[in-house]
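This report describes strand pairing, nonpolar cores and the contact between two chains. Please consult the structure shown below while reading.

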Amino acid sequence: MKYLSKHSGWVAALMLIAFNVHAQDEQVLPSESKYKDPTTKVWFNTYGNIRISKRLFWDAQTHFRFEETEDTPFIGQIGQIYNRHAIGYIYSKKVNFSLGGVLRVNFNTDEDSDDRPVVPEFRIWHQYQFAMPLYNSMIYHRLRIEHRWTQGFAENSEYIFRNRWRYMFRAKVPLNNYKLEPKTLYVSPEAELIMQSGKAVVASPMEDLRLTTTLGYILTPRLTIAGGLMYSQGQTLENGGIYKQSWTMRFHVYFSPDIRKVKNKLPEIHFDD
Amino acid sequence: MKPTRQPKFLAVLLLGLLFSWSIQAQEKLRYTGPFQVASFVGEVDYTYQIIDGDTLLQGPFSMKRSNLDALLDQKDKTFSFTGAFENGFPNGPWNFQFGEFESDQKTEVVGFQYRVNVDGIQHQAQGDIQMGRPDGLWTISEQHIEDSEVKETLFQSQITYNNGVPQQSFRIEGKQSTLVGRFLRDGLAHDSWTLFGDESTETWSFNEGVLTQIRLNDTTIAVFQGPFKAARTINLDKRFSKILKLQLKKEQADGLRDGINKLLAENAAHYRKLDDILSQLGKSQFLPLFKAKVPYYPLDSLERNGLEAIQKEYGHSSKVAEGLLENTQLNLLRRSDNEAQFLYSAVEKFKVSFLDPLDKVVHFSELGILDYLDRDLLAQRLFPTGKPSTTIVIDESERTFAGPNANNFNFEGEVMEALSQMSSYAKVSLDQIAAILYEKVKNEQQQQEFVVLEEQMIAQINSLNQMVDSLDTSGTYGTAILHIKSIAENKLNAYSSSAATEGKLEEAKQLVPCLETLKSLSQNLAALPERELEIQESYKDAVWNPFMANLMEEEVKKRITSAYRNVLIPFIVDEASGELDYGKAGSLNRLLTELHERMLELREEDTHKLERKLRKEKNPNTILELFNLQPLEN
């Protein structure tokens, strides 16, 4: 009990969630939507795309996400460490599919919280990506579906299950070249809408809308770096009338080594043979 | 008893028969099948014996050929020989037929045979042969056949022999004339041989083989009018007609060309054809020997030695003269060089006045008629306008030519001696002229070589300059090319200011390839940017970039391209900008070409080990070795 009383705030929150879940009709929506103050975040993301056979690659992403604190406005403290892996299938040069899992480690960023400092989160995800050349640029459509099990930081908190439905539109426009090739600076505007569903989701299907602009530089065919700024907003799970916002600085490293033997690499370009 | 005795008797009879057959079979063999005699190929049927390993024809012989397909297609050459042999000698009646026919391709059926009409020529010869020699009456004819009928007799000879020796009177018919004459028992021509022609009559009068006079229509020509110191019996053949021809004046000889001479020669040709066949099959002396007597003037030993020397010297001199007269360079040179023209004319004179008569003598000697020619007559025939002098007068020049030691030669003596002297004189003179003229030609050739080489040099330096002018020479390659250009110009200047000595031609011969190499080296250097681009392109590989979803060109084997770009090319350009002799320019030139080819090869090869070794390697010669190229020697 002592523990309980100590974490009464979390208990109340949890009860609220449980209440929400179990008694939907009792959620109280504000008469006007409310926007929380935006938080600031910094993400360092690595994207690996490791070719393992003619048609298959290993998608290996590790992200380090930091959130602001009172003391350090931008870089703040570590929020999540995010490991996303999948086996990808190259259908053609322009179309590929992936299926894999995510282990996300969530750090408790609430300085006042006495709950567990770290909880894991699991996802199964699959993704369908389509690319289209347009003039000197490329545009991309990405459908990503995630099956997600999350839990709160509170002790013994139950996993809740949700599905996420994500669509991202992105373009890459070369700035100093007529096409995307090494030694090219490009700008990449992107917009991603993340919808969610599940028993816990009552009035907040729009989890996140992310608007990002990134500036990237292709170093070699196998290495690209990029950096950009993202604005995002979305309904909180607790109350569909309350929107969270954030500004995120994102830094990316894209690498795509090929671990196949030389003789298996050739011919490199003919996927349709 | 009877039934038992009869079989016994029969058995004995059979045995006896078998025995005699086997003896026969051992002795005589028969061959039928394809066969070739002289130029005739056909089907043969004959019997023969093998005695001491030799094949002796024995018994009947026949050989023939005819081809209907060939006849219908174009023309057929047919022949048929039939006769018999005895112990390898033709013996008994013989018949020869040779035909050359074509057909109008019209056929008709008569009885059970197809008949084809033919046109052509038919030769026929028939008569008896006694042990290889003609015996009795021999008739040889040549007929023109039209529509399978004799249209015209072109030639017919009828001669009677006694064991190979022509006898009594004979008759040879040509197309337009007939020769009638007779022989003595020993084959010597005798009495009048007369050719009755349409327009003329020619009569050779023999007296016991000696042709004393010829009467052609109304003219009488005396031939061998005795008395002679000596006379010899020779065959009335080509040799005789040659002797006869030399005996007569040219216009007389010309008048006789188509008469008896021609008919006799035609007759001889027919006999020779038959003899060729018979002598291949067995032993035969089928050529009939018409005989005549001619005066005999044998060469003495001195003359014989002189003749041998003449033959040798003439062979040499005629080659020298021919070499000079047909030398194209000399023929060009003599147009501009009076001395050369003078000597050339002298050679021509020697040819006409000395070599041509000597040629005749040599020819007479080969024919074997020198022994039958009166020496004075020979001198007359060889030198109708008189013997030449040692001093050669050149018509178009005021100068005369005299050979070495001209005074030692004397052509006035007896004809064979004079000929011998002339032959020696012609030889030494021609040798001397040849020595002078060839030296002249050689100088001229050198001059021409200079002209050609120097023209080449000018063309080379011009083309080098043009190339340099068309290039952007601001970069390092440009500097090297300008450097090479100045080297080339310096070399050319050095050559042109050097004195015209013996060695200058050699210098020119070396300078041409040197300039060529320098030019080629600058071309290779000028091509470097383009080649580097080619290598850069070839060392690219298309890589699929999963993040961009596109293909990107990626440079591969970077250590190799880097060694090429950053070490080897600067090294070569540097070397080309330094001191440069012919050899080094050649090596650099070769290296540039080979390096480029090697780079393109390395792109395709497995170069893992090479790439590892190239790490941190900065020494160009070591890299060249690693590339399997010849390092540049300093």
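## Paired strands of chain A

In this predicted model, strand S8 (residues 160-174) of chain A runs antiparallel to strand S9 (residues 184-197) of chain A, with 10 bridges between them. Strands are DSSP runs of E of at least two residues, helices are runs of H or I of at least four, and both are numbered from the N terminus; two strands pair if DSSP finds at least two bridges between them. Tyr167(A) lies opposite Leu193(A) in S9(A).

S9(A) is also joined, by 12 bridges and in the antiparallel sense, to strand S10 (residues 206-220) of chain A. Here Thr184(A) faces Ile218(A) in S10(A).

## Nonpolar cores

The largest nonpolar core (buried Ala, Val, Leu, Ile, Met, Phe, Trp, Tyr and Cys residues joined through C-beta atoms within 7 Å) has 86 residues, of which Ala292(B) and Val347(B) touch the most other members. A residue is buried if 20 or more other C-beta atoms, placed from the backbone, lie within 10 Å of its own. Helix H10 (residues 415-469) of chain B gives the most to this core, 12 residues. Because domain 1 (103-295) and domain 2 (301-444) of chain B both contribute residues, the core lies between them; the domain bounds come from an automatic or database assignment.

Apart from this core lies another of 34 residues, including Leu464(B) and Ile572(B).

## Contact between the chains

Chain B gives 14 residues and chain A gives 18 residues to the contact, where C-beta atoms placed from the backbone lie within 7 Å.

## Conventions

Residues are numbered from 1 along each chain as its sequence is written, and chains are lettered from A and ligands numbered from 1 in the order in which they are written. Local features need pLDDT of at least 70 and side-chain atom pairs count only at pLDDT 80 or more, whereas totals for chains, interfaces and linings use all residues.

Notes: A residue is buried if 20 or more other C-beta atoms lie within 10 Å of its own, exposed if 12 or fewer, and partly exposed in between; C-beta atoms are placed from the backbone. Two residues are in contact if their C-beta atoms, placed from the backbone, lie within 7 Å.
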